[in-house]
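Here is a short briefing on one protein chain. Keep the sequence and the 3D view open while you read.

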Amino acid sequence: MDRRMRGAGKILGDAVLSLAAFGGFVCVLLVIAAFAFNVSLIMFKTGSMSPTIPAGSLSLVQEIPATEIKVGDVVTVDRPAALPITHRVTSVADGPSHAERIITMKGDANEAEDPFPYTVDTVRIVLASAPNLAYGIVWLSNPWVMAVLTLGASGSVTWAFWPRDLPSQDSDEQEDPLPLPEQSSSGSQSGLGMLVTPLALGLALGSPVQAVAEEVITSDHLTLTSIGNREAMSQLAPGEPVQWQVGVTAAESEPGEVRVELVGNGNPGLRLHSTIRSCDRRWVEGTCAGETYQLLVPGPVAVDGTIRRLISMPVAEERWLLFDLWLPEDSVPAAGGSVQLEVHASGSGDEIAVSPGPVGPLAATGSNPLLPLFAAFGSVALGLALAGVARARRRRSR
């Protein structure tokens, strides 16, 4: 009976490992497709394309020339000093050159088209999407989860290649209807699966996904809503902007005004730049469906600790401020340090403030996007090394 249970367990284990190997093989194919066919994955953090592509969806996109764009395509467009935007194409016109096109776009959930047309020579077209998968990728990119997966992969490789005694060929075992499958000295198909899976996992997680968080701070009369990616803002790459949005609302029955101000402190050597725009409703993927106002033209952020007024608004209204933060292309990360920004709102005898945390470049000791890949190779190497030592000791003991 014990032999039957072990045989059944072995069959189940082989099935699970084969499934894992298949998943790893799919991941490897995706990585090859990314390099060979300009295919990549994007996450939808907002619902501007709902219900076609709801928030939290993961989409497969492919880079195509602008000459192939058609009305109705859902495409991702890169924008200077702003995050990329993914919306549906509503019109296509000839551009300044033969390879360029001027397109207009609109989110399926938005009431109005994007405020400006886009002149593009390439875009990334959405080939397919799956809802809620983005949340899973965010979870997998958590350092603690990655650590557990790495240790689990190392243990699995060790188990798969650990030396085992071949089953004896006596008459009792020949009558057993569920004999254990034999393993060769080089491992089994399950072992191959355990090699493929952690390596593919490292490739799939080679570019950590960073999540946008929403924080609401309230006082007696005022509410500030901060929306941004703290990790991305603390790891700015030169020339790659990151957005931070702040909503300001007031709860006051008496007429009055709310004063909104900005103060910056930190290292001026970073040359942090910003633009600030205001909207009477929440921004969606860098687009405002209402009235917009430019509060700060593109330029360096003052970090002298001086409080500067941005806007004054009636208490009955609300404002949403969108900050585009970036370092110049020629910025030198070795400048070190960071910048601390704070938005202050005051009115009706009340005052409140919110900050996105330290804003600055990726430190020399910061996270390495190749770390997950190294961890995957390391887990395989460790597992194989442990199994190899066990095999060597077994040979010497015979």
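Which residues form a disulfide, and how far apart are their sulfur atoms? The pair is Cys-279 and Cys-288, with sulfur atoms 1.7 Å apart. This is a predicted model. The chain has seven helices and 18 strands.

**The disulfide**
- A search of the whole structure finds one disulfide.
- The link of Cys-279 and Cys-288 is right-handed, with 50° about the S-S bond.
- Cys-279 and Cys-288 are both buried.
- Cys-279 lies in strand β12, which spans residues 273-279.

**The chain as a whole**
- The chain has 398 residues, and 37% of them count as buried.
- It exposes about 21200 Å². Carbon and sulfur atoms supply 60% of that area.
- Take the contacts in the chain with a separation of 6 or more: residues 24 or more positions apart account for 69% of them.

**Nonpolar cores**
- In soluble globular proteins, nonpolar side chains tend to be buried together.
- The largest nonpolar core holds 32 residues. Trp-244, Leu-272 and Phe-323 touch the most other members.
- Elements that give two or more residues to this core include β9 (222-228), α6 (230-233), β10 (242-250), β11 (257-266) and β14 (308-314). β15 (318-326), β16 (339-347) and β17 (350-354) do so too.
- Another core, of 13 residues, lies apart from it. Among its members are Val-75, Val-77, Ile-103 and Ile-125.

**Strand β15 and its partners**
- β15 is mostly covered, with eight of its nine residues buried.
- β10 pairs with β15 in the antiparallel sense over eight bridges. Val-242 has Leu-325 in β15 as its bridge partner.
- β12 also pairs with β15 in the antiparallel sense, over seven bridges. Here Thr-275 has Asp-324 in β15 as its bridge partner.

**Met-105**
- Met-105 is found in strand β5, residues 101-106.
- Is Met-105 buried or exposed? Met-105 counts as buried because its relative accessible area is 0%, and the cut-off for buried is under 20%.
- Leaving aside neighbours within four places in sequence, Met-105 is in contact with residues including Val-75, Val-77, Ile-85, Val-89 and Tyr-118. The contacts also include His-87, Arg-88, Glu-113 and Asp-114.
- Val-77 is 28 residues from Met-105 along the chain. Their C-alpha atoms are separated by 9.8 Å.
- Val-75 and Val-77, both in contact with Met-105, are among the members of the 13-residue core.

Notes
Residues numbered from 1 in each chain as written. Predicted model: local features only at pLDDT ≥ 70, side-chain atom pairs only at ≥ 80, totals over all residues. Heavy atoms only, no water. Disulfide = S-S within 2.5 Å. Buried < 20%, exposed > 50% of the residue type's maximum accessible area, 1.4 Å probe, protein only. Core = buried A, V, L, I, M, F, W, Y, C linked by side-chain atoms within 4.5 Å. Helix = DSSP H or I, 4+ residues; strand = E, 2+ residues; numbered from the N terminus. Contact = heavy atoms within 4.5 Å. Areas by Shrake-Rupley, 256 points an atom, 1.4 Å probe, with all protein chains shown as cover. Pairing = 2+ DSSP bridges.
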